[in-house]
Amino acid sequence: EALCRAVVSADPDSAAARHLLGAVLHDRGSAFVDEAEACYRRAAELDETASEALADLGALMQGQARLLAAEDVLREALARRPSAGAWNNLGCALRDQGRIVHALDAFREALAVKPDFAEAHSNLLFCMQYQSEVTPEALLDAHRDFDRRHCAALAPRQPPPIRPLAGRKLRLGLVSADFGAHPIGWFTSSVLEAIDPDAVELYAYSDRERIDDLTRRMQRAVPRWRDVRGLDDETLAGVVRADGIDALIDLAGHTARNRLLVFARKPAPVQASWAGYVGTTGLSAMDLVVGDRFHTPQAEDHLHVERVLRMPHDYICYAPPPNAPPVGPPPALGRGGRVTFGCFNAFAKIGPETVTVWAQILHRIPESRLMLKCRPLADAQMRGVIAREFAIHNIGPERLDLRGPSAHGDLLAQYGEIDVALDTYPYSGGLTTLEALWMGVPVVTRPGRTFAGRHSFSHLSNVGLGDLIAGDFLDYIGRARALAADLDQLAALRLALRPWLAASPVCDAASFARALVDGLIGCHQRRTDTKV
């Protein structure tokens with residue numbers, strides 16, 4: 001940053017220097033985004049033919065959930081000079097708006113310009129998960145194509161050494177940019193704490209920029225914590241090899257800031273994908289994908305490149321937040337019986353089918369309302385977008401309560417304003433479903449055909465809440481109506497949900513940790529026996 005500022009001071013009209021300073025400030029985080037934006041804009045003014053600064057500006061705005069404005073900037077960048085980066089960033093902005101088909105087209109354009117653009121290809125694969133018409137077979141083929149295009153050439157000439165575990169601990173490493181207040185943190189922290197240190201040496205390879213209380217909690221559980229920000233994939237793979245890791249876990253899949261190209265280099269003899277993605281990674285170098293009988297039934301093992309490491313219950317383990325407020329009564333009791341439905345899932349999950357079904361529920365329950373809460377709804381333009389979607393179904397804005405993001409404790413408290421939570425389709429809620437249950441709010445779901453569509457199915461099944469799982473949309477509507485029709489029963493259920501969840505396998509970190517480690521050791525032992 002200091003060097004960039006010195007160059008800008010010496011040459012204020014250098015578009016390249018302004019752009020680079022903007023990129024450095026952008027990387028520094030939220031406290032610097034206003035100055036970063038000003039730098040990007042000035043760079044674009046200084047060089048009216050260049051598009052790179054505008055492409056980065058669009059990414060910054062997309063990260064702030066200023067999605068429609070980001071789209072405008074990115075289309076200007078493409079009009080100046082088409083680039084793979086601008087197409088990729090446009091795809092992200094369109095995906096977050098819920099315009100999935102258009103987002104997929106943008107990611108494909110990025111790959112047409114730059115066929116080896118692994119980030120855009122990962123974004124394409126992740127975006128496909130939001131399509132209701134996509135088949136598991138199509139997802140498998142698309143993920144295998146990623147492996148062929150980006151990973152095959154990275155496979156090492158010599159496989160990593162396999163050291164027998166007799167007389168020593170398993171060396172287990174985890175790779176993530178999301179060690180903290182993120183679904184990954186809430187799904188893995190209690191497991192890391194529960195892993196037996198007499199049997200396992202834990203290593204974390206963290207790309208995380210922001211350190212928070214949950215990050216610090218995880219750092220206390222993992223004595224060998226590596227800050228790997230800034231390391232390229234080859235260097236990080238070398239660090240893993242030097243540490244002698246026996247089993248390496250990926251916690252990102254094809255989501256943002258993933259390190260799949262590290263795993264493609266096979267730095268550990270056993271490699272597994274867990275918690276961060278929704279099904280197969282497609283990587284031939286990935287040995288295992290962690291699932292359960294709800295997400296990954298045995299009849300669908302052929303839909304994964306990896307062998308399925310099937311957990312006894314849920315595929316993750318939930319660590320309830322210590323700052324959660326107490327559970328209160330159903331808000332309808334204080335509103336003259338008027339029921340509030342709600343959903344805090346990502347905006348991209350609220351597809352046309354979901355809007356249609358939710359509108360039918362609102363029509364069938366007079367005076368009911370729907371609260372939606374997610375980052376894009378902080379933008380008045382995006383609130384207008386969703387309001388127009390419901391207006392098509394004759395649901396007026398007075399029936400909608402649209403809210404943007406808030407601090408985690410406040411988000412949890414706002415579940416106190418919801419009577420019944422409605423899950424999305426075809427991409428189900430994961431952490432949102434568990435947080436709703438922890439706050440006493442039942443969640444109605446319709447499972448989908450893919451891993452992404454079965455999160456709530458698994459969570460509810462493992463808590464013993466099968467009555468909340470619908471077979472089709474008509475059943476989904478009926479179950480939501482039944483909950484809203486009996487407020488006394490709803491009040492009793494509300495008080496029972498937190499204790500039920502706490503006592504369920506979903507929160508049993510000790511059992512989950514044993515099953516996970518046993519599965520990894522079993523895979524390692526099979527590799528050792530094969531080598532012998």
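Q: How many helices and strands are there in the protein?
A: The protein has 21 helices and 12 strands. Keep in mind that this is a predicted model.

Q: What makes the 532-residue protein pass for a compact globule?
A: Its radius of gyration does. For 532 residues a compact globule should come out near 24 Å, and the protein has 24 Å, so the two agree. Along the principal axes, the C-alpha atoms fill a box of roughly 65 × 65 × 40 Å. Buried residues account for 57% of the 532, where buried means under 20% relative accessible area.

Q: What share of the contacts with a separation of 6 or more comes from residues 24 or more positions apart?
A: That share is 69%.

Q: Why is the pair Arg163 and Asp246 called a salt bridge?
A: The closest N and O atoms of Arg163 and Asp246 are 4.0 Å apart, and the cut-off is within 4 Å, so the pair counts. Arg163 sits in the loop between α9 (136-151) and β1 (170-176), and Asp246 in the loop between α12 (233-242) and β4 (247-250), so the bridge ties together parts 83 residues apart in sequence.

Q: How do you know whether Arg163 and Asp246 are buried or exposed?
A: Check each value against the limits. Asp246 has 2% relative accessibility, which is under 20%, so Asp246 is buried. Arg163 has 34%, which falls between the 20% and 50% limits, so Arg163 is partly exposed.

Q: What makes Glu209 and Arg257 a salt bridge, and which parts does the pair tie together?
A: Their side chains meet at 3.6 Å, N to O, and that is within 4 Å, so the definition is met. Glu209 is in the loop between β2 (200-206) and α11 (213-221), while Arg257 is in the loop between β4 and α13 (260-264), so parts 48 residues apart in sequence are tied together. Glu209 at 42% counts as partly exposed, and Arg257 at 43% is partly exposed too.

Q: Why does the pair Asp287 and Arg527 count as a salt bridge?
A: The closest N and O atoms of Asp287 and Arg527 are 2.3 Å apart, so the pair is within the 4 Å limit. Distant parts of the chain are linked here: Asp287 belongs to the loop between β5 (270-273) and β6 (288-291), Arg527 to helix α21 (residues 509-531), and 240 residues separate them. Asp287, at 10%, is buried, whereas Arg527, at 31%, is partly exposed.

Q: How many salt bridges does the structure hold, and which residues are linked in a network?
A: The structure holds 35 salt bridges. Glu1, Arg5, Arg28 and Glu35 are linked in a network of them. Side chains of opposite charge can pair when their charged atoms come close. On the charge count, there are 59 positive and 66 negative side chains, with the centres of the two sets 2 Å apart.

Q: How much area does the protein expose, and what do carbon and sulfur atoms supply?
A: The protein exposes about 21300 Å², and carbon and sulfur atoms supply 53% of that.

Q: What does Trp87 touch, leaving out residues up to four places away in sequence?
A: Trp87, in helix α6 (residues 84-96), touches Leu78, Pro82, Ala106, Glu109, Ala110 and Val113. They count as contacts because heavy atoms lie within 4.5 Å. As for Ala103, 16 residues along the chain from Trp87, the two C-alpha atoms are separated by 9.2 Å.

Methods
Residues numbered from 1 in each chain as written. Predicted model: local features only at pLDDT ≥ 70, side-chain atom pairs only at ≥ 80, totals over all residues. Heavy atoms only, no water. Helix = DSSP H or I, 4+ residues; strand = E, 2+ residues; numbered from the N terminus. Buried < 20%, exposed > 50% of the residue type's maximum accessible area, 1.4 Å probe, protein only. Rg over C-alpha atoms; globule rule 2.2 N^0.38 Å. Areas by Shrake-Rupley, 256 points an atom, 1.4 Å probe, with all protein chains shown as cover. Lys, Arg positive; Asp, Glu negative; His and termini not counted. Charge placed at Lys NZ, Arg CZ, Asp CG, Glu CD.
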